[in-house]
Amino acid sequence: MDKYIVNGGEKLSGKVRVHSAKNTVLPLLAASVLTDEPVTIRQIPPINDVENMLRILAELGCVITRQRDSAVIDSSNAASHEIPARLTKELRSSVFMLGSVLTRFHRAKISYPGGCDIGLRPIDLHLSGLQRLGVEIVEKDGYIECEAGKLKGADILLDFPSVGATENIMLAAIKAEGMTVIRNAAKEPEIVDLQRFLNAMGAKVRGAGGGTIAVEGVKRLHGVDYTPIGDRIEAGTYLIATASCGGEIEVEGVFTENIAALLHKLRENGCKIHTKNDRIVLWSDGRLKSVNLVETMPFPGFPTDMQSQYVALCCTAKGSTLVVENLFETRYRYVAELKRMGADITVRGRSALVRGVEKLHGASVTASDLRGGAALVIATLKAEGQSSVMDLSYIDRGYADFEGKLRAIGAKIKRVRV
Ligand code: EPZ
């Protein structure tokens, strides 16, 4: 197990290029079994969630060829429709395999997905959407067994604009007979990128980003060579770190509209921000003022995946901030660790009241989920003195070379084996 040693109090300055979006690459990898022709995905981030998804594909019989930062998936000899529990328990996104494996083999067997413990995370909307397409589902001994003689298009209204359910239904409807309409669909940029990828394979999907998605079933899909969008959550993490510590950063690789809700809040905090195409430049003197309220919402609202990192920033902003987490039930587990650094935070259910303090002090803290781990790193960069951040396996799920990129902008951080 590794840990970070951080000496805080440095201003940050420099350039960071973000990798492809984890939350796009994962459904794209799941979609790669929809065709028996080779699928090339470029700029694949070297993160654990991606490695786990590639292991699942290999388990199904896909041949994976890695070339520099891209992967070629050849599923022409894929034959298995079962995804073993040892692989799904690590990765929430393994559930996306249901839609694509069902389309390929008309049956699928998977155990309940794991992933970051940030809430109940049911998959009822995934399963009810698949049932609407004609899938028979049996839940037995911790496994979900699905069978579909023929997938038939349907009109599906989602109770909640779930990202995962929207993507899974798109993957299952892609070759279904007739038209599928997904209403109250998620609007995240990653959904729009999945639509672009599927259409590049010869699919007929439209409406992504607008809340209603139409999928006209096609007979065949062909191979593709694709470069996904940049990771807006990774970009936001570096922007928040620099805003909190003070300094100047240029983040490359993310389009402004994909991160507008965060930029809006950082401007309210007193940062100066300039954007052009896929470049964002931020200046901060590190003495931020608080905003009154931040509520996480589905896109285009404030992203829940930025909530933890933003709370870390609020810890030393002048004044108090009320943060409301509307998507996940228990996404404040990192708060206890921030309080060990001198943060003044009161959590009640889905709300956290963060009273800004003069300064944080170094401490030994432990990550317990991906974004909470990133938040702890941001707090240790701001804190006076030395800190250590334990259990980096959570951070490695979604950030490639986190400490290297932070060091490149002036942070005093190193990874050591425990
Ligand atoms: C995706 O998770 C992301 N993961 C999450 O990012 C992100 O937090 C989330 O969307 C929201 O933006 C990936 O894309 C791989 P949801 P997902 O289904 O699909 C409820 C990160 O840090 N719900 O939109 O699991 C659910 O409980 C990760 O990168 C149901 O009730 O999110 C939650 O309250 C963490 N029934 C809400 O919807 C369902 O069947 C949003 O979940 C499905 C979801």
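**Exercise 1. Find which backbone contacts an oxygen atom of the ligand at 2.4 Å.**

Step 1. A polar backbone atom of Leu327 is 2.4 Å from a ligand oxygen atom. A polar contact here is a pair of N or O atoms within 3.5 Å.

Step 2. Turn to side chains. An N or O atom in the side chain of Asp305 is 2.6 Å from an oxygen atom of the ligand. For a polar side-chain atom of Arg371, the distance to a ligand oxygen atom is 2.8 Å.

Step 3. Check the cover. On its own the ligand has 830 Å² of accessible area (Shrake-Rupley method, 1.4 Å probe). The protein covers 91% of that area.

This is a predicted model: local features need pLDDT of at least 70, side-chain atom pairs count only at pLDDT 80 or more, and totals for chains, interfaces and linings use all residues. Residues are numbered from 1 along each chain as its sequence is written, and side-chain values use heavy atoms, with hydrogens and water left out.

**Exercise 2. Describe how H1 and H7 cross.**

Step 1. Locate the helices (DSSP runs of H or I, at least four residues). H1 spans residues 22-31 and H7 spans residues 189-200.

Step 2. Take the axes, lines fitted to C-alpha atoms over the stretch in contact, with angles from 0 to 180 degrees between N-to-C directions. They come within 9 Å and cross at roughly 30 degrees.

Step 3. List the contact (heavy atoms within 4.5 Å). H1 gives Asn23, Thr24, Pro27, Leu28 and Ala31. H7 gives Glu190, Asp193, Leu194, Phe197 and Leu198.

**Exercise 3. Locate the cis peptide bond.**

Step 1. The bond joins Phe299 and Pro300, with omega about 10 degrees.

Step 2. Pro300 sits in the loop between strand S18 (293-295) and helix H10 (307-314); a strand is a DSSP run of E, at least two residues.

Notes: Polar contact = N/O pair within 3.5 Å; in protein donor to acceptor, adjacent residues only side chain to side chain.
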